[in-house]
2 protein chains.
Amino acid sequence: MPHKLITQNQFTDSLTQYGDGVFETMLAVGNDIHHWDYHWQRLEKSCQRLQISVPEYEKLYQQLQITLTEQNNTFSVIKMIIARGDGLRGYRSIENQPCYIQFSISDYHFNPKIYQGLNVRICQTRLSHQPLLAGMKHINRLEYVMARRESEDGQFDEGLLLNYDNLLIEGLTSNVFIIKNQHIFTPILDGSGVCGTMRAYLRDTLPSLGYMIKEKALLLDDIGTADEIFLTNATAGIMPVSRIAGINKTFQQTITNSIRYQVGHPCSQQ
Amino acid sequence: MPHKLITQNQFTDSLTQYGDGVFETMLAVGNDIHHWDYHWQRLEKSCQRLQISVPEYEKLYQQLQITLTEQNNTFSVIKMIIARGDGLRGYRSIENQPCYIQFSISDYHFNPKIYQGLNVRICQTRLSHQPLLAGMKHINRLEYVMARRESEDGQFDEGLLLNYDNLLIEGLTSNVFIIKNQHIFTPILDGSGVCGTMRAYLRDTLPSLGYMIKEKALLLDDIGTADEIFLTNATAGIMPVSRIAGINKTFQQTITNSIRYQVGHPCSQQ
C-alpha cells in the first residue's frame, strides 16, 4: 500500500507520541457554550489526574467566545484537545510546563431524527479495566476506533460497549441509562468509560424533576429486561433507544421523552 | 497556568484525536538498521490487527536508508510512527486509505554503563488487560506516561510494570527475563505489554546458544527468587539488573553477561 512520508529532527510532543491528552466535545448556540461548567469541571479534574497543567479558565473561555463570535454559526460543535506539550525521551515529561490547547469549531446541523428511537448494536470489542484512566475523556481511544471498525457497524446508529466482566459501560459516543419500574440506572464508571457532561447534568437534575437515579453495575440481562433505554451526549442530549440487535423487543419511550421535554435541548429551544 | 492556543477548522488526523497508530524505535549503525526484519514483522502485524494500511516495504526501507545516509551518524536512533491518517467524526475511519509514516533520526550515544547492573523499581501504576491491543507498540501509552511520573521515578534506571492480577508484564521501555536454575523465563504478553524486537530475537536465538527459554505467567515472587534478571530493548540490547527496590538481594549477572557477549551489540562490535 502506498504511504505518505514526513521526516523531522525530533519528536517532542507527547500528544502524538503517546496519546497524552484529554478532549472535550461541546455544543454552542451562538457564542454560548452549552454546559460549559460541566465541561470545565471534567477538564480541570482530568488535567489534575494526569498532571497536565490546568489552563487559565478566564483566558480560555474568552478565546472560545471570540472564535465562536467570529465563526457566527447558529449552532457549533467545538472539539478541544488539551495536551501536555513537549515531552522527553522514554515517557519522561517536563514538570509544570504550560499545556497547549487545540480546538476546531464546525457548524452543527441539528437532526431531530435521532430522537425517534435509535437502532443499537452490542460491540464485540470489550473495554479494558483501568481505574487510573476511567471517567476521563482522554486521547487513548484505540479501543473505540476498533469497535467502530467492526464489520456490521454501518447498519446501526450506535454501539454499546461491555467490559471483560460482561458489565455494560457506555455507548461509543454516549452514556447509557436504563429505566425499569420508573427507576433510572446508569453504569458505575470507576474502571472504564467516560463520565459524560450530560450524564453529570442528569445526575444533578433528575431528582429535582421527581426521578430516582442510581449508578449501578449493569449486565446485558438488565438491558433485556429494561422498560426503556436512552443514550446521552453533549451535542445530542437525550436519545431514546428503540431496538438493540439480539434483543427481541421494542423499548418504550414514554418516560424518556417526558424527561427529554422537561430537560429540553438548546437547538430546539430557539 | 498559562497555555498556548492553536485553532483550526477541523481535526481530521486520527493519530492526534485517538492515539490511533503504532511506532517503532530502532537502532542504526551507519545506514544499517539493526534487526530491521523484526521491526518490520511487528509493524506489519500491528497494522493488520488495527486495519491500518501496511506501508510499501521496499519504498519505506529505501527512504530510511537515504535519510540515514544523509545524516551520516555513526549510531542513530530512529523513532517511526505509522498512522491511519484522516479519520471521520466519532471514531469512524475511511476504508483502505494510505497510512502515513513520520520518523525522526537522532544521534545515539552508546552508554556502556547500562550494562553494569541496573537499579530498578516496581511501578505502582498497573497495566490494564486488553488482548485486542496486547503485544503491539501502539500510541495509547498514557499508562506508561503515568508510571513514569510516579514521584520516586528519578532515583531508578527503569520501572517494572505489573497488571491488576499481580502478574509481571514488562519494563517501562524494556522486556524482562528472569533466570532460575539455568532456565530463562519471560512473561506471556497476550493481555498487556509490548512484544519487543529484542525479545523476539532472543526467543529465536537462545535455544541455538544452548539456553532453554519459556514464556510463563510470572509473579513478584518469581522475581524475588530469581538468580538473575535482565531487561532488553531495541537500542540497548541486553541489560543486567542488580537491584530491585523492596527486594533485599543483589542479583547475579553470570549467565546474563555470557548471553550478552554471545549475542553482542552492534555498537560495541565496531
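Which residues in α3(A) are buried? Keep that in mind as you open the viewer, and remember that you are looking at a predicted model.

**Stop 1: chain A as a whole**

Show chain A by itself as a cartoon. Its secondary structure comes to seven helices and 13 strands. The radius of gyration is 20 Å, close to the 18 Å that the globule rule gives for 270 residues, so chain A is as compact as a globular protein of that length. Turn it around: along its principal axes the C-alpha trace spans about 60 × 40 × 40 Å.

Now colour by burial, if your viewer can do that. Of the 270 residues in this chain, 59% count as buried. Contacts are worth a look too. Take those in chain A between residues at least 6 apart in sequence, and 71% of them join residues at least 24 apart.

**Stop 2: helix α3 of chain A**

Select residues 57–71 of chain A, which make up helix α3. Here is what you were asked at the start: Leu60(A), Gln63(A), Leu64(A), Gln65(A), Thr67(A) and Leu68(A) are buried in this helix. Show their side chains as sticks and look along the helix.

Try the ruler as well. From the first C-alpha to the last, the 15 residues of α3(A) reach 21 Å, close to the 21 Å expected at 1.5 Å a residue. Then step just past the end of the helix to Asn72(A), where phi is positive, near 60 degrees.

**Stop 3: His35 of chain A**

Stay in chain A and pick His35(A). You'll find it in the loop between β3 (32–33) and α2 (36–50). His35(A) has a positive phi of about 55 degrees, although it is not a glycine. Is His35(A) buried or exposed? The cut-off for buried is under 20% relative accessible area. His35(A) has 16%, so it counts as buried.

**Stop 4: helix α2 of chain B**

Switch to chain B and select helix α2. By the rule of 1.5 Å a residue, the 15 residues of α2(B) should span 21 Å, and the end C-alpha atoms are 21 Å apart, which agrees.

The buried list here includes Trp36(B), Tyr38(B), His39(B), Trp40(B) and Arg42(B). Leu43(B), Ser46(B), Cys47(B) and Leu50(B) are buried in α2(B) too. What do the buried residues of α2(B) pack against? Within chain B they pack against β2 (21–29), β3 (32–33), α3, β4 and α5, and they also pack against α4 of chain A. Keep both chains on screen for this one. Right after the helix comes Gln51(B), with a positive phi near 55 degrees.

**Stop 5: three loop residues of chain B**

Begin with Glu56(B), in the loop between α2 (36–50) and α3 (57–71). Glu56(B) is partly exposed, with a relative accessible area of 30%. Leave out residues up to four places away in sequence, and Glu56(B) touches Met1(A), Pro2(A) and His3(A). Draw a line from Glu56(B) to Cys99(B): they are 43 residues apart in sequence and 9.9 Å apart in space, C-alpha to C-alpha.

Next, pick Asn96(B), in the loop between β4 (75–83) and β5 (100–107). Asn96(B) counts as exposed, at 63% relative accessibility. Check the backbone here: phi is positive, about 50 degrees, although Asn96(B) is not a glycine.

Last of the three is Ile188(B), in the loop between β10 (183–187) and α5 (197–205). Ile188(B) is partly exposed, with a relative accessible area of 36%. Beyond the neighbours within four places in sequence, Ile188(B) is in contact with Arg199(B), Glu215(B), Lys216(B) and Ala217(B). Add Leu167(B) to the view, 21 residues from Ile188(B) in sequence and 9.6 Å away C-alpha to C-alpha.

**Stop 6: the cavity**

Finish with some empty space. Rolling a probe the size of a water molecule over the atoms shows where such space is left. A search of the whole structure finds one cavity of 30 Å³ or more. About 380 Å³ of space lies in the largest cavity.

Which residues lie nearest the centre of the largest cavity? Select Ser128(A), Leu133(A), Glu143(A), Ser128(B) and Glu143(B), out of a lining of 28 residues. The elements that give two or more residues to this lining are α4 (142–148) of chain A and α4 (142–148) of chain B. The most comes from α4(B), with three residues. Colour the lining by type and you get ten nonpolar, 14 polar and four charged residues.

Note on methods: Residues are numbered from 1 along each chain as its sequence is written. Chains are lettered from A and ligands numbered from 1 in the order in which they are written. This is a predicted model: local features need pLDDT of at least 70, side-chain atom pairs count only at pLDDT 80 or more; totals for chains, interfaces and linings use all residues. Side-chain values use heavy atoms; hydrogens and water are left out. On a 1 Å grid over the protein atoms alone, a cavity is a set of points where a 1.4 Å probe fits but cannot get out, and a pocket is an open set with protein on both sides within 12 Å along at least five of seven lines; lining residues have an atom within 4 Å of a point. Grid points are joined across faces, edges and corners, and a volume is the space filled by probe spheres set on the points. Helices (H or I, at least four residues) and strands (E, at least two) are DSSP runs, numbered from the N terminus. Ala, Val, Leu, Ile, Met, Phe, Trp, Tyr, Cys and Pro count as nonpolar, Asp, Glu, Lys and Arg as charged, and the others, Gly among them, as polar. The expected span of a helix is 1.5 Å times one less than its number of residues. Buried means under 20% relative accessible area, exposed over 50%, partly exposed in between (1.4 Å probe, protein chains only). The radius of gyration is taken over C-alpha atoms; the globule rule is 2.2 Å times the number of residues to the power 0.38. Contact means heavy atoms within 4.5 Å.
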